[in-house]
Amino acid sequence: MRTVNFSSDHYKDAVFPSPFHSRQKQHNQLKEWTRWADYLSVPAYWCADMEYFSGRNACGVFDITPMVKHLVTGPDALPYLNRLMTRDVSKIKPGRVGYSVWCNEAGRVIDDGTIFHLREGVYRICSQEHQIDWFMTNMLGFDVEITEDTHDVAGLAVQGPTSCAILKDMGLEGIENLTPFGLTYFDFEGTELMVSRTGFTGDLGYELFIDPDYAEVLWDRLFAAGELRGIKAMGSEALDLLRIEAGFILAGVDFLPAMEAVRPTHTRSPFELGLGWLVSFDKGVFNGRQALLEEKEKGSRYNLVKLDIDGNKPAKDSFVYVKGGKKIAGTVTSAMWSPSAKASIALASLEAPLGQPGEEFEVEIYYQRELKWSRVMAPARVVKDVFWNPPRRRQTPPADF
Amino acid sequence: MTNTNNIVIIGGGHNGLVCAAYLAKAGKNVTVLEASEEVGGPAATREFAPGYKASCAHLLNLLDDGIREELELSSNGLSIAKENLTTIALAKDGNHITITPDSVEGSGLTAEDKAAYAEYRRFMTKFAGIIGAMHNLVPPRITTDKENLVPMAKLAWKVRMLGRDDMRELLRIGGINIYDVLKENFDNPLLKGALSLDAVLGTFSGPRSNNSVFTALHRMSGNNSGAAGAASIPAGGMGGVMQAIAGAASRAGAEIRISSPVKRILMDGMAVSGVELENGEQISASTVISNADVRTTILDLLGARHVEADFARRVSNIRSKGNAAKLHLALDGLPSFAGLNESQLGERLVIAPSVEYVEHAFNHCKYGEFSAQPVAEITLPSIHDRSLAPDGKHVLSAIVQYAPRELGTGWTEGKAAFSNAIMDVLETYAPDVRERTVATELLTPQDMEKEFGMTGGHWHHAELSLDQFLMLRPVPRSAQYKSPVDGLYLCGAGCHPGGGIMGSAGKNAANVILADQ
């Protein structure tokens with residue numbers, strides 16, 4: 001799949017097969033497909049829980065081609081990105097990757113994503129939502145070129161403790177020296193393979209980007225190299241479990257992207273998502289600066305917190321109550337039973353100033369046993385650290401599993 | 001940095017000069033930087049042919065009385081050559097209609113039309129008074145604090161105090177088009193045509209465009225030492241008024257530097273630090289006030305990168321499509337208009353024989369064409385002011401519409417054709433105008449944009465309309481004369497209450513700046 005030609009019948013192909021589709025199909029025992037942005041994506045290949053364990057204990061491979069990708073180039077690429085993003089992009093040096101959010105004038109998060117500083121002055125922005133309209137609106141007054149090249153780049157996330165060893169076996173010499181949030185290039189079958197030590201699992205892991213024409217050969221060589229190290233294709237359900245344990249938020253789940261909001265009060269600022277560390281007031285003007293300064297002064301409306309909940313029932317879609325069960329403190333945005341933390345965990349949006357670390361709440365959980373519904377008010381407390389944060393995530397070179 | 005002035009004003013248009021005068025009077029160290037050799041911008045009086053002078057802005061109808069007094073403009077040389085001009089709606093057959101604030105006369109007018117005119121003047125004057133009362137008001141912000149709620153409540157109260165019937169009428173017609181309102185009130189086509197012209201002069205709209213009642217009211221909203229909307233011809237052209245304001249500013253201690261075009265606004269971190277001139281000279285200032293239009297100020301002089309994207313987008317979306325051309329004719333003698341004597345020639349003459357004619361003239365410009373049969377507001381200021389033309393000679397000054405800024409054929413080719421179309425129309429009223437003409441200057445909106453630096457060549461810097469008025473002017477988040485950048489203020493016609501030679505934007509901006517310092 002290459003850049004879409006918007007001819008009059010483009011609507012007939014609204015959802016495209018990924019460049020890895022032929023290989024995904026071979027692994028997809030459940031034969032279920034879902035839509036992620038412009039592409040068919042696999043929710044689970046055979047068992048979401050088992051795929052989760054592949055990601056945590058061996059190596060899970062997830063197709064990230066559908067992630068929206070943009071290339072930002074031109075003399076003003078850096079000043080452009082610094083006005084667009086809340087964080088100081090000048091600190092992301094060539095060969096490095098940074099996570100960021102971008103806001104509208106009201107200081108509400110439009111989307112979050114990763115900034116890949118591919119080469120001096122050349123950036124790739126990956127985002128959950130389509131952003132080209134907003135990015136182009138931001139071009140006024142900047143000598144910068146922006147293309148959405150989602151369809152021109154195939155991507156695989158290779159995540160888990162054996163990922164480094166597998167990539168090494170595949171022939172990526174020196175991959176073990178790549179530090180977290182670093183990126184590097186390899187010759188691969190006559191084309192360029194870009195590898196970054198990034199991911200959405202909070203574990204050791206890499207993301208691979210390649211010309212879509214080489215997608216299948218990349219997949220084949222990866223799985224051949226990983227056969228003895230437990231490599232498995234992983235679907236979006238497993239990834240969701242991994243990212244909640246890692247404390248990563250998801251657009252449209254943990255916050256409402258500001259451009260999609262019909263009710264602007266339902267959106268969130270970076271502070272309200274616990275992302276204040278991404279806001280750099282001293283770098284000059286950026287979208288949302290004025291509003292965020294005011295918010296800093298007046299206080300935020302919400303706190304996004306991590307909850308450790310008693311019991312083993314996932315607190316899906318639950319209300320969170322102030323102790324005593326009378327006053328609603330907020331709602332759970334993401335929840336799961338964490339096999340790695342051995343706890344019922346959740347991300348929740350609570351009304352500020354509620355949600356300080358150590359603060360205790362009650363979570364209202366509805367659950368079913370053989371079609372019989374019950375309700376429990378489970379005690380929960382706010383924790384400061386993410387639920388899964390192993391040292392191997394940062395270790396360079398990683399252990400050779 | 002070569003200078004340490006506290007306050008720099010970019011542009012010596014009337015609002016810049018008024019702002020400078022008030023700030024200097026308050027003891028501030030002010031420098032006005034004017035790009036051209038003369039202050040006043042489109043209000044400057046220029047020689048367009050040897051011995052013949054004219055100013056693009058030719059009638060004074062909105063200059064604020066308070067500013068006139070506070071800046072002592074009379075003692076600074078302001079002199080009016082002719083006050084309270086009568087409007088004469090020209091008819092080809094010489095059966096003209098004369099319109100004054102009090103009455104309307106003409107052979108074809110019925111008693112009903114005359115009575116309706118008195119009533120029309122009554123309610124339009126009353127409604128215009130509401131806009132007039134806003135002139136010297138810093139637009140309130142839409143917040144819930146007392147500081148902003150009180151002025152908003154006062155405005156609402158003024159509307160309520162119109163009384164039930166008049167308030168209802170204002171609410172009914174305030175946002176609609178003048179065509180419908182005139183149709184409801186009058187029968188005479190010539191009268192309707194002339195009155196409709198007041199609603200569309202200088203705007204991108206025809207009589208049937210919504211909002212044209214509002215522009216008519218805005219035009220009537222000045223006090224100008226006379227009846228609502230009364231127009232006068234200043235001595236020395238509009239440049240005379242500019243010299244008086246500049247004189248007041250200089251006398252108060254402001255420095256006015258001509259031939260000093262500003263290249264860019266300088267920033268130090270998040271705040272302005274001064275300006276750089278085209279010649280490279282840098283002037284440091286903690287406060288920079290721009291009399292330039294807001295688009296030029298933010299997108300060209302400052303740079304969109306120094307403001308948030310939403311704000312830059314709003315600024316780039318300001319509607320400012322200039323539509324009015326300016327014609328200056330050097331005449332070797334007075335032209336003879338059918339049915340007009342010499343003293344009548346000195347009044348305000350309008351070519352707008354019917355509302356439909358005006359609307360047809362507008363239709364062209366929607367599609368990038370000039371009007372095949374343009375409308376015009378004509379004065380012969382040299383009748384009242386002999387300084388404008390050599391002995392025995394005269395100047396005809398006319399605002400001619402419609403001339404879209406973007407002409408499909410391009411103005412290089414189109415200008416001669418448009419000039420011809422105007423002369424053809426003029427000739428039907430004044431058959432000898434072509435023979436009498438010794439020199440012609442036609443300024444299209446594109447010419448005015450180039451010469452005076454106004455985006456779109458728009459008189460008001462930004463279209464005057466309800467969606468770009470009061471707290472929406474020039475754009476939300478800068479309607480209090482402050483830009484989002486620390487130390488950068490706006491004082492031009494693009495700000496509330498808009499253009500026309502009024503000066504209120506400059507005065508209001510000065511008040512905001514003084515309150516901030």
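Here are some exercises with worked solutions on a predicted model with chains A and B.

**Exercise 1. Look at helix α9 of chain B: how far does the helix reach from its first C-alpha to its last, and is the helix buried or exposed?**

Step 1. Find residues 238-251 of chain B, which form the 14 residues of α9.

Step 2. Compare the reach with the expected span. From first C-alpha to last, α9(B) covers 20 Å, close to the 20 Å expected at 1.5 Å a residue.

Step 3. Count the buried residues, using the cut-off of 20 or more other C-beta atoms within 10 Å. In α9(B), 12 of the 14 residues are buried, so the helix is largely enclosed by the rest of the structure. Among them are B:Met238, B:Val241, B:Gln243, B:Ile245 and B:Ala249.

Step 4. Ask what surrounds those buried residues. They pack against one helix of chain B, α1 (14-25), and against the strands β2 (30-33), β3 (45-49), β4 (52-55), β9 (233-234) and β10 (255-257).

Step 5. Follow the chain onward. Just after α9(B) comes B:Gly253, with a positive phi of about 115°.

**Exercise 2. Describe how helices α6 and α7 of chain B cross, and find which residues make the contact.**

Step 1. Recall what we need: two packed helices are described by the angle between their axes and the distance between the axes.

Step 2. Take α6 (residues 178-185) and α7 (residues 189-200) of chain B. Their axes come within 10 Å and cross at roughly 150°.

Step 3. Name the arrangement. Angles over 145 degrees count as roughly antiparallel, and that makes α6(B) roughly antiparallel to α7(B). The crossing of α6(B) and α7(B) is right-handed.

Step 4. List the residues. B:Ile178, B:Tyr179 and B:Leu182 come from α6(B), while B:Lys192, B:Leu195, B:Ser196 and B:Ala199 come from α7(B).

Step 5. Sort them by character: this contact has 5 nonpolar residues, 1 polar and 1 charged.

**Exercise 3. Work out which elements of chain B touch chain A.**

Step 1. Start with the totals: 15 residues of chain B are in contact with 14 residues of chain A.

Step 2. Look for elements of chain B that give two or more residues to this side. These are α10 (294-303) and α11 (309-316), and α11(B) gives the most, with 6 residues.

Step 3. Sort the chain B side: 8 residues are nonpolar, 3 are polar and 4 are charged.

**Exercise 4. Find the cis peptide bonds and positive phi values described here, and place each one in its loop.**

Step 1. Keep the usual case in mind: most residues other than glycine have a negative phi, and most peptide bonds are trans.

Step 2. Go to chain A. The bond joining A:Ala352 and A:Pro353 is cis, with omega about 5°, and A:Pro353 sits in the loop between β17 (343-351) and β18 (360-369) of chain A.

Step 3. Go to chain B. The bond from B:Gln401 to B:Tyr402 is also cis, with omega near 10°. B:Tyr402 lies in the loop between β18 (394-401) and α14 (411-429) of chain B.

Step 4. Turn to phi. A:Lys31 is not a glycine, yet its phi is positive, about 55°. A:Lys31 belongs to the loop between α1 (21-27) and β1 (34-36) of chain A, and counts as exposed with 8 C-beta neighbours inside 10 Å.

Step 5. Finish with A:Asp317, another non-glycine residue with a positive phi of about 55°. A:Asp317 is in the loop between β14 (302-309) and β15 (319-322) of chain A. With 13 other C-beta atoms within 10 Å, A:Asp317 is partly exposed.

Key
Residues numbered from 1 in each chain as written. Chains lettered and ligands numbered in written order. Predicted model: local features only at pLDDT ≥ 70, side-chain atom pairs only at ≥ 80, totals over all residues. Helix = DSSP H or I, 4+ residues; strand = E, 2+ residues; numbered from the N terminus. Expected span 1.5 Å × (residues − 1). Contact = placed C-beta atoms within 7 Å. Axes fitted to C-alpha atoms, helices over the stretch in contact; angles between N-to-C directions. Parallel < 35°, antiparallel > 145°, perpendicular 65-115°, else oblique. Left-handed = near helix turned anticlockwise from the far one by under 90°. Nonpolar A, V, L, I, M, F, W, Y, C, P; charged D, E, K, R; others polar.
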